[in-house]
Amino acid sequence: MNFEPKLSIVNSALFERFGRYLNDIETAILIGSLQKQTYEKIAENSGYSESYVRRDVGPKLWKILSEALGEQVSKTNFQTALERRLMLLESKEIGNQSIPLTPDSHGKTQLLSSSVQDWGEAVDVSLFYGRQSELATLKQWIVQDKCRLIALLGMGGIGKSACSVKLAQILQAEFEFIIWRSLRNAPPLENLLTDLVLFLSNQQSAKADIGQLIHYLRSARCLVILDNLETILDAEQAGQYSLGYEGYGELLRVVGETSHKSCVILTSREKPAEIATFEGVELAVRTLKLQGSQEAAIALLQTKGLVGSPQQKQTLCERYGNNLLALKIVATTIQDLFDNRIEDFLKQDTMVFNGIRRLLEQQFNRLSTLEQTVMYRLAINREWTTITQLQKDIVPAVSKARLLEALEALNARSLIEKKSSSYTQQPLVMEYVNEQLVEQIVKELALKKLSLLFTHAFNMGVPILGSSRLKAALDLNWNEPNQRNLALSIVLGVLEQAQTLTQQSKISD
Ligand SMILES: Nc1ncnc2c1ncn2[C@@H]1O[C@H](COP(=O)(O)OP(=O)(O)OP(=O)(O)O)[C@@H](O)[C@H]1O
Ligand SMILES: [Mg+2]
């Protein structure tokens, strides 16, 4: 059983009421209760004494949950109380009054503090485990040491974005303004500056220059988080910027060097040159390298309902470098193919973790055609996409019910993320799917399959597509993320239309 959705509901309710989430032992009690385990068994599985679980944590937990969920909750009725809560949430969502489960991604939210906040596309961290020491270090750098520029570095999927959102939530009371922005669509510096200045000036100014930004970073205490900075770094020259994005280097230099009372945090898989240069000289510029967290990894496995001894869980986590994205994905394989048994998976799987790619490859190959199409579409769109938009994008037309089924399946495999009925992918997954798409198209072109499809369609007398569209797509600059996505979108559309026509012609033959 996957406990994540249920724990997420509890965490959201707890956060709304008390501004905190479940800790590890509370999570263990809830999971045990959902599995109808006794306190004795829960204590044994989680390594705590029975009396502590039964007499101390248990009663306190039911008390706060009763308050958070607005009804009397106990170990025995917990499951039904959750189901009632879920129904309530669904009815609110249908009525289009979806309540913010976490800091809402869309627009500003006022949460437990008087600061003005804009969370952009920040991920949901209602289920967040471990990372206590990293968060404490970052907090100290920001609150006591007044750091101006901090880089949170680490490999894809290790937890940089999640950590940055969690940190911003913890530090809400410290700042007058909090803004979280993803750079994964490679915005030109001017666009980002306009966005930041508009927000920090309370919509009073839209002047897109670095000086103006510094002015606002001086006037108020602001927390600015820039996520996925590696998107605008040059893949070939470590720490340097892609063509046209050099201005970002200047931005970081000025933010790190100039005196102001705010803090800019960036997350990146690579270290930008400015950080490397200044962190030695300027005490206000620092780097934290995030490694895999075993505590978070083990807690994650627990919520997935996987069965195994502590040793087996540890082996599994180590095999995937405690990379949470990798573990989320592999957990679904263990659920699907190994009946939740970690031991059976470990016996079969000889892979030593060498990056997440092989894992993604295995997962991707297991998807249905519709699921793969949805993955391609989401990778092209890059933004959070609603089901209605996806339905419009996909050719041949697919019913909403089938689409929803595919989306739920992908969500359950942790290949996509869902928030208020919109969907997107983790950056690493998105990159992988984009590469797959390019590869696929190159293969199709090489095999002349496309032109065959065209010929076929033309033979049927259907005035289609126009190879001019294809040519325009091929003429775009495939090295530039936005242009590449436009090109991919066009080519995919052409492919899908051509395939539909071929299928239709087969049916009528
Ligand atoms: N401490 C944590 N507790 C629970 N889940 C986490 C934690 N950290 C990360 N995750 C989950 O693991 C996945 C990967 O994390 P995240 O997106 O933060 O990685 P990242 O380092 O930002 O990757 P990328 O470089 O690809 O952007 C996400 O689904 C996230 O919700
Ligand atoms: Mg990230």
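Start with the whole chain: buried residues make up 38% of its 509 residues. This is a predicted model. Colour by secondary structure and the chain shows 23 helices and nine strands. Of the contacts with a separation of 6 or more, 68% join residues 24 or more positions apart.

**Stop 1: strand 3**

Select residues 177–182. This is strand 3, and six of its six residues are buried, so the strand is largely enclosed by the rest of the structure. Show the side chains. In a regular strand they alternate between the two faces of the sheet. Here Phe177, Ile179 and Arg181 lie on one side, and Ile178, Trp180 and Ser182 on the other. Both faces are covered.

Now add the partners. Strand 1, residues 116–118, runs parallel to strand 3 and is joined to it by three bridges. Find Val116: its bridge partner in strand 3 is Phe177. Next, select residues 222–227 for strand 4, which pairs with strand 3 in the parallel sense over six bridges. Ile178 has Leu223 of strand 4 as its bridge partner.

**Stop 2: strand 2**

Move to residues 149–153. All five of the five residues in strand 2 are buried, so this strand too is largely enclosed by the rest of the structure. Leu149, Ala151 and Leu153 point one way, while Ile150 and Leu152 point the other way.

Which strands does strand 2 pair with? Select residues 263–268: strand 5 runs parallel to strand 2, with five bridges between them. Leu149 stands opposite Val264 there. Then select residues 285–289. Strand 6 also runs parallel to strand 2, again over five bridges. Leu153 stands opposite Lys289 in strand 6.

**Stop 3: the nonpolar core**

In soluble globular proteins, nonpolar side chains tend to be buried together. The largest nonpolar core here has 128 residues. Which residues have the most contacts inside this core? Select Leu196, Leu223 and Leu327. Helix 14 gives the most to the core, with eight residues. Zoom in on Leu196. Leaving out residues up to four places away in sequence, Leu196 touches Ile179, Leu213 and Val224. Ile179 was met at the first stop, in strand 3.

**Stop 4: ligand 1**

Display ligand 1 and the 25 residues around it. Gly159, Lys160, Ser161, Ala162 and Leu324 come nearest. Which helices supply at least two residues each to this shell? Highlight helix 7 (160–170), helix 12 (294–303), helix 14 (324–337) and helix 20 (427–446). Colour the shell by class to see 12 nonpolar, nine polar and four charged residues.

**Stop 5: helix 4**

Select residues 50–69 and look along the helix. A kink of about 40° lies at Val57, shortly before the proline Pro59. Val53, Val57, Gly58, Leu61, Leu65 and Leu69 are buried. An α-helix has 3.6 residues a turn, so residues three or four places apart point the same way. Step just past the end of helix 4 to Gly70, which takes a positive phi of about 75°.

**Stop 6: an open sheet**

Finish with strands 7, 8 and 9. They form an open sheet in the order 7-9-8, with antiparallel pairing. Strand 7 (385–386) and strand 8 (417–419) stand at the edges with a single partner strand each, so one side of each has no neighbour in the sheet. Last, select residues 422–424, strand 9. Strand 9 pairs with strand 8 over three bridges in the antiparallel sense. Lys419 has Ser422 of strand 9 as its bridge partner.

Notes:
Residues numbered from 1 in each chain as written. Chains lettered and ligands numbered in written order. Predicted model: local features only at pLDDT ≥ 70, side-chain atom pairs only at ≥ 80, totals over all residues. Near = placed C-beta within 6 Å. Helix = DSSP H or I, 4+ residues; strand = E, 2+ residues; numbered from the N terminus. Nonpolar A, V, L, I, M, F, W, Y, C, P; charged D, E, K, R; others polar. Pairing = 2+ DSSP bridges. Bend = angle between axes of the 7 residues up to and from the residue. Buried ≥ 20, exposed ≤ 12 C-beta atoms within 10 Å, placed from the backbone. Core = buried A, V, L, I, M, F, W, Y, C linked by C-beta atoms within 7 Å. Contact = placed C-beta atoms within 7 Å.
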